[in-house]
Structures are given as structure tokens and as C-alpha cells.
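Let us walk through this model together, one part at a time. Keep the structure open beside you as you read.

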Amino acid sequence: MSCPRLLQQSASLCSRVCRAAVLTTRPNFTKVGLALARQQLLPFCRQGQTPREFSCTSAVNADRLFSKDHEWLLPDDAKKTATIGISDHAQEALGDIVFIELPEVGAKFAQSDSFGVVESVKAASDLYALIDGEITEVNDALSQTPELVNSDPLGAGWMIKMTIANPAQLNDLMTEDAYQDFLSETKEE
Amino acid sequence: HCKGVVYESVSSDVFTNLAFEDWVYNNLDLSTTNLLLLWRNDPCVVIGRHQNPWAECQLRQLWGSKVKLARRRSGGGTVYHDLGNLNCTFFTDRKRYNRKENLELITNALRSTWPGLDVTVSCRDDILLDNFFKVSGSSAKLGRQIAYHHCTLLHSVNTPELKSLLHSKKEGLTNRATKSVESAVKNLSDVEPSIRHSSLVDVIAEQFYSQYQPLYKNKVYPMDPSSEVDWPGVLSSREELGSWNWVYGKTPQFSVQRSHTDVSVLVHVHHARILGVVIQALDGWIDTGLIQELTGHLAGTKFWPKDVAEITEAFLGAVIVDADTRQKLHLVCKLLQETLS
């Protein structure tokens, strides 16, 4: 077979790349450092967050975390389950959304698995579970009105709720502020 | 900066070719390389990921023919393929996803060899001939590190077959699935008779290699997409893509109705299984208990002629009624069968 081969994806490389991008506003650390960072982050998140005015209709939530793939995750108060959706930047890039494919309640996913697909006039895009967990609720309104994701991506356009099987994985995500910085940085490229 | 490779599939089986697209999407690292895959299929109808085959094509006609039905992983509408259609899949790193660039590569390639050809890229990312006839449609799949944009290119397709299969009787059908946008189509060879599969492959590959530095040589590399040795996992992917559960079972919820004078049968279908059947008729036309019994048997059944026929035949065989009622039950079952395609 004279067909030339191409480079294959390396799973570890992928996760390293993701982490490097997330850490632009955080210090580099090893696994030991992770434990320390967690101690530093949690108090920081809970104190000193001044409410800000936004033009969108959703409530500002200082606990909302973002991924560099433009998805958001909002843990509940007990940090037992989390709501997941896509960011305003993502819905704008996708264009008019015509269909959203979501999983069944009870389905289990690992971090980085695709849990669904959003179809817009431009393409079918995979949606990724940001953490390990099991689906507890699915936004059924989206099967009737997928446009909700365009009009209210952080509120009524929420997609799934899932259990947080491994709370440490929340550290792989960034705060809203870090996400805004990330957006400005990628725009400048 | 970015290198390129062109593969041509030696297979004309739509499921195998789609499985290979999946394999590339799930396995390759295209951070520094673009891959162009050229392929064509034996006659088949390909629906978009979230479409409804009952709404998009003449299933009865398809089932009675050798034409296959496939559901692709990407979005978009329904198309008909045969060997007179060339498929181009542009695999790139997610950051390099650019449909217009790919389509312009194709139109530039066409015009460079056939300067009289009036081909342009429309705002819907179709390629139009003479600013009117659609000769290419596109769709795409996006992941976090990788993306692909694939498109058709009609050069010598059996257009009467295309028109008869894709012309759908959508009467009585309501659904939330992605809808196709119908277009007038034409073959490139109708305008330029020297356009054929081999010349298109050469011309497009040449244009591709002029834009992206060849990773190896500026050759079109034939490859066998069914080789489990080269692409581990491709055969189980092929099996999934060819399965009833994927092709039909993925259909979003819909309802379809058939009537005859005052009697109508409405079927609610989800993932190609019957959710419920509602029979409407004038008061007193038939004993509602009988109807409830029949619809009770149907709930959960596959929305498929063979499966529904088994249920209705068993019901009609077991039920003890007078001749008049039996005739009415036959009518209801006939209308039910009509909803199935």
C-alpha cells in the first residue's frame, strides 16, 4: 500500500494543549501545584466578586466557568450537579441554529467526550462534556425552539445538567474574566 | 506553511466512505497538514444528520430499487449520488476551516481548464452553473481540533433518477427535522462534454497542490477505506453507519397522517418507533374499544412496513367481528400502511 500516512492525534498531547491555553492567566503548575492552586482559587472566587452590569438578560454568576471551546459550566450551590451550555461567542460563530441533538437522561460521559451536536446553517458541531458525569436533565425546550440557544445562550438556551463526578476537573476550566481575556487574545491573532 | 495530501478512495460504497471520513475526524492530527479526500458512490441517497428520510425521499421507490440510503454525520440537506458525482472532503485543523476557500479552489480549478464554464460560489455555499443551476452542495462537521467540509460535484449524474427519488410527497407530514432546500440541478458535462470523473480528479488535485505544498509528492494517492489494518476501527464504524438504528432510528420526532373521506389515521413517530396512533372518525363509526386495542399493540413498534404488518395481521386474524366492522378495520390498517412510506 503506497498510500502515505498522516500524523495521528495524541490524546495526552490534546489535553496538554487545552490546559496550556487555560493557564494563560494562572501560574504553571504540576500535580502538586494543582492542590495548592485549588486552595487559592476557591476563596478567591467566593470573596471580592463585585456584581457587574451586563446587557444580556441572564443573571451574572460569578461561579460560571468557561472552556476554551466556548462552552460554559455552572455548578449548583452544592457542587453536585452542573448546567452546561455554549457561550455567546459560540452561538454567534455558529449562526442560526436549526437543530440540537442532546443525550438521554442517565447517559454517562467522560471529560472530552462529545455529548451532542448542534446543527446550524454552517455546520454540525460537536458539543463536549467538560467533566465526567451522568446526565440528570436535558433542556427539552430546545427540541421545539433551538433558536433559544442563539437568543439566550447563558439562560434559557442551557443544554444539559449533569452530575460532577470529579470536582477537581472544574479546575480545568476558566473564570468568566479569564474567558473574556482569552477571547480578546484570540481576536488579536 | 501548511502542507497537503490528496487521497482518492478506491471504494464506491457510501457507508465505507463515510466510515473513513469518521476515522479521519476521530484519529488524525491535521495541525500542519490539509487532507483532501476524493470519492464517489454507487447510486445512493444521502440525508443530513438530523433529517427525516420519510420527508426527504420516495422511500417506496427507493426500497424497490438498488439505490442505498445513508445518513451522514454532518448536517445539511438531502443529495443523490451516483458515479457521475464527485465528492470532495476537505479535512483541516479546526482553525483552518474555511468553506469559501475550498469552494473557490474548485471553481478556480474548473475555470483554469474550461475557461468558458460559468461557475460561481453562491451565498449558500452552493456552486452554481450559469448562475442558476446547482452543481454542488456543501455541508460540514466541526470538532475541537479538526473539521471537515465536504461537497458534491455533479458532472454526469442520472438527473431523472435524482428528480424522481428526491421529489417527496410531503402531504400530511409535520416534523422538526432539518429541511432540504430544493434546487434545479444540471451536470457540468451538459455544458462541457470533456468533463468526467478522471479529468476532475486531476484538475482539482493540481489546484490543491498549487495552494498547499505537497506533503510527499503532488500525486493523487489511491487508498482503500475498508482496510482495518490501515484504519483500525473503520469497519465497526461502517457497520454503525449502515445500521437501521442510525439510518432510520436517528430520525427526529414527526407525525404523518393519511385520510379517506371521514376517517384519518395520524401516527406520531420518534426515532422511527411509533409513539402513538390517533384514529379520527365520525362518532359511532366503529367501537372505540377495538381501536384502542389495535393502537395499544402498535405503541413502541418500529415504524416499518414489515413490523406494522405483523401487528395488524395478527390483530385482524384474532379479532372476532362482523363483516362491516372487519371492512372498517381493514380501511384503518390500509391507511396505516400508507403512512409508512
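A salt bridge is a side-chain nitrogen of Lys or Arg within 4 Å of a carboxyl oxygen of Asp or Glu. With that rule in hand, the count between chain A and chain B comes to 5 salt bridges. Please keep in mind that this is a predicted model. One of the pairs to look up is A:D126 with B:K141, a salt bridge whose closest N and O atoms are 2.9 Å apart.

Which elements of chain A supply at least two residues each to the side that touches chain B? They are α1 (11-22), β4 (97-101), β6 (114-120), β7 (124-128) and α4 (141-144). Of these, β7(A) gives the largest share, with 4 residues. By residue type, the side of chain A that touches chain B divides into 14 nonpolar, 7 polar and 7 charged.

Now take the contact as a whole. Chain A brings 28 residues to it and chain B brings 39 residues. Together the two chains bury about 2,900 Å² between them, and 50% of that area lies on carbon and sulfur atoms. On the side of chain A, the residues that lose the most area to chain B are A:P4, A:L6 and A:Q9, which together account for 21% of what that side buries. Polar contacts also run across the interface: 18 residue pairs are found, with both residues at pLDDT 80 or more.

Strand pairing links the two chains as well. β7(A) pairs with strand β10 (residues 138-142) of chain B in the parallel sense, over 2 bridges. To find the place on screen, start at A:S125, whose bridge partner in β10(B) is B:L142.

Let us move on to chain B itself. Its secondary structure comes to 12 helices and 17 strands, and its C-alpha atoms fill a box of roughly 80 × 45 × 30 Å along the principal axes. Chain B has 341 residues, of which 56% count as buried. How do its contacts spread along the sequence? Among contacts in chain B between residues at least 6 apart in sequence, 73% join residues at least 24 apart.

A good place to look inside chain B is B:T16, in helix α1 (residues 14-27). Is B:T16 buried or exposed? Its relative accessible area is 7%, so B:T16 counts as buried, the cut-off being under 20%. The side chain of B:T16 makes a polar contact of 2.5 Å with the side chain of B:D13, and another, of 3.3 Å, with the side chain of B:R238. Leaving out residues up to four places away in sequence, B:T16 touches B:S11, B:P225, B:S226 and B:R238. B:R238 therefore appears both in that set of touching residues and as a polar partner of buried B:T16.

Further along chain B, turn to three strands that follow one another. Strand β15 (residues 254-260) and β16(B) pair in the antiparallel sense over 7 bridges, and B:H260 has B:V263 as its bridge partner in β16(B). On its other pairing, β16(B) joins strand β17 (residues 273-280), again antiparallel and over 7 bridges. Here B:H268 stands opposite B:G276 in β17(B). Strand β16 (residues 263-270) is mostly covered, with 6 of its 8 residues buried.

The two hairpins in this region bring up backbone angles. Most residues other than glycine have a negative phi. In the hairpin of β15(B) and β16(B), which has 2 residues between the strands, B:T261 takes a positive phi near 45°. In the hairpin of β16(B) and β17(B), also with 2 residues between the strands, B:H271 takes a positive phi near 50°.

Loops offer further cases, one in each chain. A:H70 is not a glycine, yet has a positive phi of about 65°; A:H70 sits in the loop between β1 (65-66) and β2 (71-75) of chain A. Its relative accessibility is 17%, so A:H70 counts as buried. In chain B, B:D125 likewise has a positive phi of about 65° without being a glycine. B:D125 lies in the loop between β7 (119-121) and β8 (127-129) of chain B, and with a relative accessible area of 8%, B:D125 is buried.

How values were computed: Residues numbered from 1 in each chain as written. Chains lettered and ligands numbered in written order. Predicted model: local features only at pLDDT ≥ 70, side-chain atom pairs only at ≥ 80, totals over all residues. Heavy atoms only, no water. Buried < 20%, exposed > 50% of the residue type's maximum accessible area, 1.4 Å probe, protein only. Polar contact = N/O pair within 3.5 Å; in protein donor to acceptor, adjacent residues only side chain to side chain. Contact = heavy atoms within 4.5 Å. Buried area = accessible area lost by both parts, 1.4 Å probe. Nonpolar A, V, L, I, M, F, W, Y, C, P; charged D, E, K, R; others polar. Pairing = 2+ DSSP bridges.
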